[in-house]
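Subject: Structure handover

Hello,

Here is the structure for your set. My notes follow below it.

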Amino acid sequence: MEFGSNIRKLRLSKKLSYRQMSLLCDIDASNLKRIEKGNVNATILTLHELARALEVNVDVLLKYKPE
């Protein structure tokens, strides 16, 4: 869940809606929601797409602070 929360935090910091983010990373908005909620695991390819859309390195996505 912390990974998904990190994705959400980064998405919101860029002021991106689910729809905007999904268009940037070519991931369905419903899948993006499931990733953020921790209901599905992201593949390596998905990590790269998310990082590209958020304009960060993949390692930034993986460096989260558990709450």
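Arg34 sits in helix α3; helices here are DSSP runs of H or I with at least four residues, strands are runs of E with at least two, and both are numbered from the N terminus. Arg34 is partly exposed, at 35% relative accessible area. The cut-offs are under 20% for buried and over 50% for exposed, with partly exposed in between (1.4 Å probe, protein chains only). Leaving aside neighbours within four places in sequence, Arg34 is in contact with Asn39 and Val40. Contact means heavy atoms within 4.5 Å. From Arg34 to Lys63 the C-alpha separation is 19 Å, with their positions 29 residues apart along the chain.

Some ground rules. This is a predicted model, in which local features need pLDDT of at least 70 and side-chain atom pairs count only at pLDDT 80 or more, while totals for chains, interfaces and linings use all residues. Residues are numbered from 1 along each chain as its sequence is written, and side-chain values use heavy atoms, with hydrogens and water left out.

Confidence
The mean pLDDT of the protein chain is 90. That score is the predictor's confidence in each residue, from 0 to 100. A value of 70 or more is reached by 93% of the residues. Among the elements, α4 has the highest mean, 95, and α5 the lowest, 90.

Overall fold
The chain has five helices and zero strands. Its pattern along the sequence is α-α-α-α-α. The C-alpha atoms fill a box of roughly 30 × 25 × 25 Å along the principal axes. The radius of gyration is 10 Å, which agrees with the value near 11 Å for a compact globule of 67 residues. That radius is taken over C-alpha atoms, and the globule rule is 2.2 Å times the number of residues to the power 0.38. Of the 67 residues, 31% count as buried. Among contacts between residues at least 6 apart in sequence, 57% join residues at least 24 apart.

Core
The largest nonpolar core has 15 residues. Such a core is a set of buried Ala, Val, Leu, Ile, Met, Phe, Trp, Tyr and Cys residues joined through side-chain atoms within 4.5 Å. Phe3, Ile7, Met21, Cys25, Leu50, Leu54 and Leu61 touch the most other members. At least two core residues come from each of α1 (2–13), α2 (18–25), α3 (29–37) and α4 (44–54). The largest share, five residues, is from α4. In soluble globular proteins, nonpolar side chains tend to be buried together.

Leu61 deserves a look. Not counting residues up to four places away in sequence, Leu61 touches Phe3, Asn6, Ile7, Leu10, Leu47, Leu50, Ala51, Leu54 and Val56.

Helix α4
Which residues of α4 are buried? They are Thr46, Leu47, Leu50, Ala51, Ala53 and Leu54. These cover an arc of only 165 degrees around the axis, so they lie on the same side of α4. The arc is that of the directions from the helix axis to the C-beta atoms. Their cover includes α1, α2, α3 and α5. On the other side of α4, Ile44 and Leu45 are exposed. Just after α4, Glu55 takes a positive phi of about 60 degrees.

Salt bridges
The count is four, where a salt bridge is a side-chain nitrogen of Lys or Arg within 4 Å of a carboxyl oxygen of Asp or Glu. Three of interest:

- Arg11 and Glu36 meet at 2.7 Å, N to O. Arg11 lies in α1 and Glu36 in α3, so the pair ties together parts 25 residues apart in sequence. Arg11 is buried, at 3% relative accessible area. Glu36 is buried too, at 4%.
- Glu55 and Lys14 meet at 3.6 Å, N to O. Glu55 is in the loop between α4 and α5 (58–62), and Lys14 is in the loop between α1 and α2, 41 residues apart. Glu55 is exposed, at 65%. Lys14 is partly exposed, at 37%.
- Lys63 and Asp59 meet at 3.6 Å, N to O. Lys63 is exposed, at 60%. Asp59 is partly exposed, at 37%.

Best wishes
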